[in-house]
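Colleague: I am new to this structure and would like a close look at one part of it. Could you take me through that part slowly and then show how the rest can be read in a similar way?

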Amino acid sequence: MSEKYVNKWTLTAVAASTMTATAILGYQHLQRKRSRRNSAISRRSSWTGAGSARALTVDPRPRVLFGDHGIEHLKNSFVIIVGVGGVGSWTALMLLRAGVKRLRLIDFDQVTLSSLNRHAVATLDDVGTPKVAAMRKHFTQIVPGCEIDARIELFTADTAESLLGGNPDYIVDAIDNIQTKVDLIRYCHDNKLRVISSMGAGAKADPSRIQVADIGDTFEDPLARTVRRHLRKEYNIERGIPVVYSTEKPHHVKLLPLEESRVDEADDYAALPDFRSRILPVLGTLPSLFGQAIAAHVLLDLTQYPQYQPLPIKLRDGLYTRVHRDLITRELKVFKQKFCVLDVRDVAYIFEEVWRGESVISGQQKQVTVVRWDPSKPLSLMNVVVVSKDEAKYHDKLPIDVDLVQHYGQDVCGKVERTLKEHMQLRQAWEGVF
């Protein structure tokens, strides 16, 4: 055989071997990709299957915040959201994403074109369908295996027992009708059910003014004022109801006008009898922030998050200035100190953050001031308490070597010691960070 033919066969054999090796390697690569994909699908299936909550806790960060016990408690919690519009839909969505598997959604209304600017999950395809049905559809796609009880019903005082039954761990009031809202709060109060209520997000625009507070501490919110008045007048309820509201002052934004042709039959254009037929303009971001603030409150309360206690912002700069002036006068008169080591901002911190504006002795919130707690120690952030003015006069007369436990009792002194110790530890921890 000539050398020419030998070289030809050699080249053919090499080419065939190369093609075979390439095919084998390509097949092996494809098999590895398929294996990885199937493994991922299998893991996802095990995470999201019915009866499994692993999908809710894949991200380790919530577990760091809440701990294993807190995450387990969220997974087993049952929360009812009444009203799933701009506020309630966001609350429900964030609770679901945080690990709350069992939700009851209550709303009689349908998704409309005008609600798409603020609803958490509704799309154009959902227009005309019940809000709770649309949310159930989307929620089961987000977290397969979740338990969504969708109730297409109107909450009233007569339906409260059936709609709020089942021993819920928390109830969220996101209703925008005053009397219905009052009925829900009253039912929860009377039956000792934990509830948080959303006040008015309509006609508001400033996100920095959103607060979580007791309804008795709200201001600059017409809806909160009206609900508070109804609760006090009809049911003698003045405090004890946490709410989310905005301190933004109402100004140029008013109810949208009703078309002239509809004025004579205004009630015919309301969603239901006794519901308003005119509406407030809504900036879509504000209801979502209200809803997420409510969700955060529920999550922290359910998991008993350490030291969580909403701080009402009262914008009391004038009060802080007066209290600071009182402190300067007291230090000079009682301790002969011409210089005060604390400024107005320190007093505001002590007054609001540490003592929540309440007397450590009596809990009174009227005519309060601050005093040096232990007369034998120098004035500092960790040696100042809030007391009433009458209590301050008595405290000023105590000798410098006074036994505070003998005068005020172990309960008061223990409370002071624990509170100051907690804040000292927090300050030391954050000083290390910054």
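What follows is a request about one helix and its surroundings, and then a connected answer.

Colleague: Please look closely at helix α4: at what angle do the axes of α3 and α4 cross, and which side chain meets that of Lys137 in a salt bridge?

Modeller: Please keep in mind from the start that this is a predicted model, and that the description below is a reading of that model.

Two packed helices are described by the angle between their axes and the distance between the axes. For helix α3, which covers residues 86-98, and α4, the axes come within 11 Å and cross at roughly 20 degrees. Angles under 35 degrees count as roughly parallel, and α3 and α4 are therefore roughly parallel to each other. The crossing that α3 and α4 make is a right-handed one.

The next thing to examine is the charged pair that involves this helix. Side chains of opposite charge can pair when their charged atoms come close. Here the partner of Lys137 is Asp126, and the two side chains meet in a salt bridge with an N to O distance of 2.7 Å. Because Lys137 belongs to helix α4 while Asp126 sits in the loop between β2 and α4, this pair ties together parts that are 11 residues apart in sequence. The two partners can also be described by their accessibility: Lys137 counts as partly exposed because its relative accessibility is 36%, whereas Asp126, at 2%, counts as buried.

The loop that holds Asp126 also holds Leu113, since Leu113 is found between β2 (102-106) and α4 (131-142). With a relative accessibility of 59%, Leu113 counts as exposed. Together with Leu124 and Val127, Leu113 makes a nonpolar surface patch of about 290 Å².

Helix α3 can be followed to another helix as well. The axes of α3 and helix α8, which spans residues 285-302, come within 7 Å and cross at roughly 40 degrees, and α3 and α8 are therefore oblique to each other. As for its hand, the crossing of α3 and α8 is right-handed.

From here it is useful to set the Lys137 pair beside other charged contacts, for which the count comes to 15 salt bridges. One of the others joins Arg239 and Asp217, whose closest N and O atoms are 3.1 Å apart. This pair links distant parts of the chain, with Arg239 in the loop between α7 (222-235) and β7 (242-246), and Asp217 in the loop between β6 (210-214) and α7, 22 residues apart. Arg239 counts as partly exposed at 38% relative accessibility, while Asp217 counts as buried at 12%.

Another salt bridge lies within a helix: Arg322 pairs with Asp326, and the closest N and O atoms are 3.1 Å apart. Because these two residues are 4 residues apart in helix α9 (residues 317-335), Arg322 and Asp326 are separated by about one helical turn. Both are described as partly exposed, Arg322 at 23% relative accessibility and Asp326 at 22%. Elsewhere, Arg104, Asp149 and Arg151 are joined into one network by salt bridges that share partners.

Distances between C-alpha atoms give a further view of how the chain is arranged. Glu72, in helix α2 (residues 60-76), is partly exposed with a relative accessible area of 39%; its C-alpha atom and that of Gly99 are separated by 8.7 Å, although the two residues are 27 residues apart along the chain. Val182, in helix α6 (residues 178-190), counts as buried at 0% relative accessibility. The C-alpha atoms of Val182 and Val227 are separated by 6.4 Å, and these residues lie 45 residues apart along the chain.

Two loop residues deserve a closing look for their backbone angles. Asn167, in the loop between α5 (160-163) and β4 (170-173), has a positive phi of about 60 degrees although it is not a glycine, and it counts as exposed at 66% relative accessibility. Lys336, in the loop between α9 and α10 (344-354), has a phi near 60 degrees, a positive value in a residue other than glycine, and Lys336 counts as exposed at 64% relative accessibility.

Definitions and conventions:
Residues are numbered from 1 along each chain as its sequence is written. This is a predicted model: local features need pLDDT of at least 70, side-chain atom pairs count only at pLDDT 80 or more; totals for chains, interfaces and linings use all residues. Side-chain values use heavy atoms; hydrogens and water are left out. Patches are made of residues with over 30% relative accessible area and no salt bridge: like charges are joined within 9 Å, nonpolar side chains (Val, Leu, Ile, Met, Phe, Trp, Tyr) within 5 Å. Accessible areas come from the Shrake-Rupley method with a 1.4 Å probe; for residues, only the protein chains shown count as cover. A salt bridge is a side-chain nitrogen of Lys or Arg within 4 Å of a carboxyl oxygen of Asp or Glu. Buried means under 20% relative accessible area, exposed over 50%, partly exposed in between (1.4 Å probe, protein chains only). Axes are lines fitted to C-alpha atoms, for helices over the stretch in contact, and angles run from 0 to 180 degrees between N-to-C directions. Angles under 35 degrees count as roughly parallel, over 145 as roughly antiparallel, 65 to 115 as roughly perpendicular and the rest as oblique. A crossing is left-handed if the near helix is turned anticlockwise from the far one by less than a right angle, and right-handed if clockwise.
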